[in-house]
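Me: I would like to go through the pockets, the ligand and the backbone of this structure, and ask what stands behind each term.

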Amino acid sequence: MRIVILISGRGSNMEALIEACADPVFPAEIALVIANRPTAEGLAKAGGRQIPTTVIDHTTFADREAFEVAIDAAAREARADLICLAGFMRLLSPWLVGRWRGRMINIHPSLLPAFRGLHVHERVLESGVRFSGCTVHFVSPEMDEGPIIAQAAIPVLPDDTPDALAARVLEQEHRIYPLAVRLIAERRVRITGHQVELKDAPLASGALINPAAPSPGDP
Ligand code: GRF
């Protein structure tokens, strides 16, 4: 399975995917990394790992549609089977999401559907919830929504700061993003309505995956 990764900044989730794909038995490869900002730190990290990179700078396009046409063209030229958003900070229109429906996934640093959007860790701490975590999900036109593939949960600690919590959540992100990609590449993931069914999925230790319920008649 060929993956195109879209980034805007640091690219640590991208690195986790690069690391996973470097294992010869991992069933996916990175075809291209696209950044919408020429200054994205992740570009150098990918380049250093001999991964092809390109910049599609949204500020140089007349409108969102032209920008997204360029993203779509680059992904198709790279023969992408799956687009992975990894800290990609542009909202995507229903047009691009629709073209890649079921073939575009995102990682978000909360237990969705709680805490969509930005400044997640600050809001988690203000809310007083006892657990936080991260979610890998298929992308729907609404922000931070779509069928959930994998989640990991961690406790919120009494003396947590947004940065400390973010760092612990990020560790889990780096575990479940490659896991979700692997499950998709192994064709164990099926979208049924708003949910994802996982077939014969191994429960990775500590990663809470929504339960696998193969349908009757499945091979
Ligand atoms: C991560 O926390 C991810 O969940 C969110 O943006 C952050 C990106 O970090 N969507 P990185 O660029 O992958 O290091």
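Reply: Start with the elements: helices (H or I, at least four residues) and strands (E, at least two) are DSSP runs, numbered from the N terminus. This is a predicted model, in which local features need pLDDT of at least 70 and side-chain atom pairs pLDDT 80 or more, while totals for chains, interfaces and linings use all residues. Residues are numbered from 1 along each chain as its sequence is written, and side-chain values use heavy atoms, with hydrogens and water left out.

Me: Where does His119 lie, and what is notable about its phi?

Reply: His119 lies in the loop between β5 and α5. Its phi is near 55 degrees, a positive value in a residue other than glycine. Most residues other than glycine have a negative phi, and most peptide bonds are trans.

Me: What kind of peptide bond joins Leu112 and Pro113?

Reply: A cis bond, with omega about 10 degrees. Pro113 also lies in the loop between β5 and α5.

Me: What makes a space a pocket, and what volume does the largest pocket have?

Reply: On a 1 Å grid over the protein atoms alone, a pocket is an open set of points where a 1.4 Å probe fits, with protein on both sides within 12 Å along at least five of seven lines; lining residues have an atom within 4 Å of a point. A volume is the space filled by probe spheres set on the points, which are joined across faces, edges and corners. The largest pocket has about 1100 Å³. Of its 39 lining residues, the closest to the centre are Gly87, Phe88, Met89, Pro109 and Leu118. Two or more residues each come from α1 (12-21), β5 (104-108), α5 (120-127) and α6 (162-185), and α6 gives the largest share, five.

Me: How do you know which space the ligand takes?

Reply: A molecule sits in a pocket if more than half of its atoms lie within 2 Å of its grid points. By that test the ligand takes the largest pocket.

Me: Which residues are around the ligand?

Reply: With a heavy atom within 4 Å as the cut-off, they are Arg10, Gly11, Ser12, Asn13, Gly87, Ile107, His108, Pro109 and Glu173. Both α1 and β5 supply at least two residues of this shell.

Me: What makes a contact with the ligand polar?

Reply: A pair of N or O atoms within 3.5 Å. A ligand oxygen is 2.8 Å from a polar backbone atom of Gly11, so this pair meets the cut-off. An oxygen of the ligand is also 2.5 Å from an N or O atom in the Ser12 side chain, and a polar side-chain atom of Glu173 is 2.7 Å from a ligand oxygen; these pairs therefore qualify too.

Technical notes. A polar contact is a pair of N or O atoms within 3.5 Å; within protein, one must be able to donate a hydrogen and the other to accept it, and residues adjacent in sequence count only if both atoms are side-chain atoms.
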